[in-house]
Amino acid sequence: MDFGKIAATFVNLDTKEAVRIWRHTRRHPAEGEDMITFYEKLPDDEIFRIQRVNVDLKPCDLPGPPVEIQICENCGEDITDSRHVVKDGKILCKACAGGSYYTVLE
Ligand SMILES: [Zn+2]
């Protein structure tokens, strides 16, 4: 999930238990200092924070082939795994619904 953060969430798909781990330390190696050697010296609990979390995973969130494919009624492109938008009763991709990150030049 792109939230602009650097973290990892691990989910046990059998038990649904999950943990989220993120870098906590603000310390950095000095100029020219080996990064791996620097971090190896720090205790794990200074580098990372770990929290138990609940993740509402849907089948379409899992890696692998798409579970669902819709077709945008405006541009005709495929939209996978529930990323479509229903606007005024039409199935649209997010770009056609007004949320595009790009503009077409030609
Ligand atoms: Zn579209």
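Ala97 is found in helix H3. The model is a predicted one. At 19% relative accessibility, Ala97 counts as buried, because the cut-off for that class is under 20%. Leaving aside residues up to four places away in sequence, Ala97 touches Val85, Lys87 and Leu92. Its C-alpha atom is 9.0 Å from that of His84, and 13 residues separate Ala97 and His84 along the chain.

**Core and zinc site**

Which residues make up the largest nonpolar core? This core has 5 residues, namely Cys72, Ile79, Leu92, Cys93 and Ala97. Leu92 is thus a core member and also a contact of Ala97.

Two of the core residues, Cys72 and Cys93, also hold the metal. The zinc ion is coordinated through the SG atoms of Cys72, Cys75, Cys93 and Cys96, at 2.3 Å. Along the chain, the donors follow the spacing C-x2-C-x17-C-x2-C. Within this set, Cys75 and Cys93 are 18 residues apart, and the pair links distant parts of the chain. Cys75 sits in the loop between strand E4 (69–71) and strand E5 (78–80). Cys93 sits in the loop between strand E7 (90–92) and helix H3 (95–99).

Why is the arrangement around the zinc ion tetrahedral? The 4 donor atoms subtend angles of 102 to 116 degrees, and a tetrahedral site needs all angles between 85 and 135 degrees, so the site qualifies.

Are these two cysteines buried or exposed? Cys93 is buried, with a relative accessible area of 13%. Cys75 counts as partly exposed, at 35% relative accessibility.

**Domains**

The domain assignment divides the chain into domain 1 (7–57) and domain 2 (64–99). How far apart are their centres? Taken over C-alpha atoms, the centres of domain 1 and domain 2 are separated by 35 Å.

**Salt bridges**

How many salt bridges are there? The count comes to 2. The table lists them with the distance between the closest N and O atoms.

| Basic residue | Acidic residue | Closest N and O atoms |
|---|---|---|
| Arg27 | Glu46 | 2.8 Å |
| Lys58 | Asp56 | 3.3 Å |

Take the pair formed by Arg27 and Glu46. Arg27 lies in the loop between strand E2 (18–23) and helix H1 (35–41), while Glu46 lies in helix H2 (residues 44–47), so the salt bridge ties together parts that are 19 residues apart in sequence. Arg27 counts as partly exposed, at 42% relative accessibility. Glu46 is also classed as partly exposed, at 26%.

The other pair joins Asp56 and Lys58. Asp56 is exposed, with a relative accessible area of 58%. Lys58 counts as partly exposed, at 42% relative accessibility.

**Positive phi angles**

Which residue in the loop between strand E1 (7–11) and E2 deserves a look? Lys16 lies there. Phi of Lys16 is near 70 degrees, a positive value in a residue other than glycine. Lys16 is exposed, at a relative accessible area of 54%. The C-alpha atoms of Lys16 and Asn54 are separated by 7.6 Å, although the two residues are 38 apart along the chain.

Asp81 also has a positive phi, of about 50 degrees, and is not a glycine. This residue is found in the loop between E5 and strand E6 (85–87). Is Asp81 buried or exposed? With a relative accessible area of 9%, Asp81 is buried.

**The N-terminal end**

Met1 has its place in the segment before E1. Met1 is exposed, with a relative accessible area of 82%. Which residue is 60 residues from Met1 in sequence and 9.5 Å away in space, C-alpha to C-alpha? That residue is Asp61.

Note on methods:
Residues numbered from 1 in each chain as written. Predicted model: local features only at pLDDT ≥ 70, side-chain atom pairs only at ≥ 80, totals over all residues. Heavy atoms only, no water. Core = buried A, V, L, I, M, F, W, Y, C linked by side-chain atoms within 4.5 Å. Buried < 20%, exposed > 50% of the residue type's maximum accessible area, 1.4 Å probe, protein only. Contact = heavy atoms within 4.5 Å. Donors = N, O, S within 2.8 Å, 3.2 Å for Na, K, Ca; no water. Tetrahedral: all angles 85-135°; square planar, octahedral: opposite > 155°, others 65-115°. Helix = DSSP H or I, 4+ residues; strand = E, 2+ residues; numbered from the N terminus. Domains from an automatic or database assignment. Salt bridge = Lys/Arg side-chain N within 4 Å of Asp/Glu carboxyl O.
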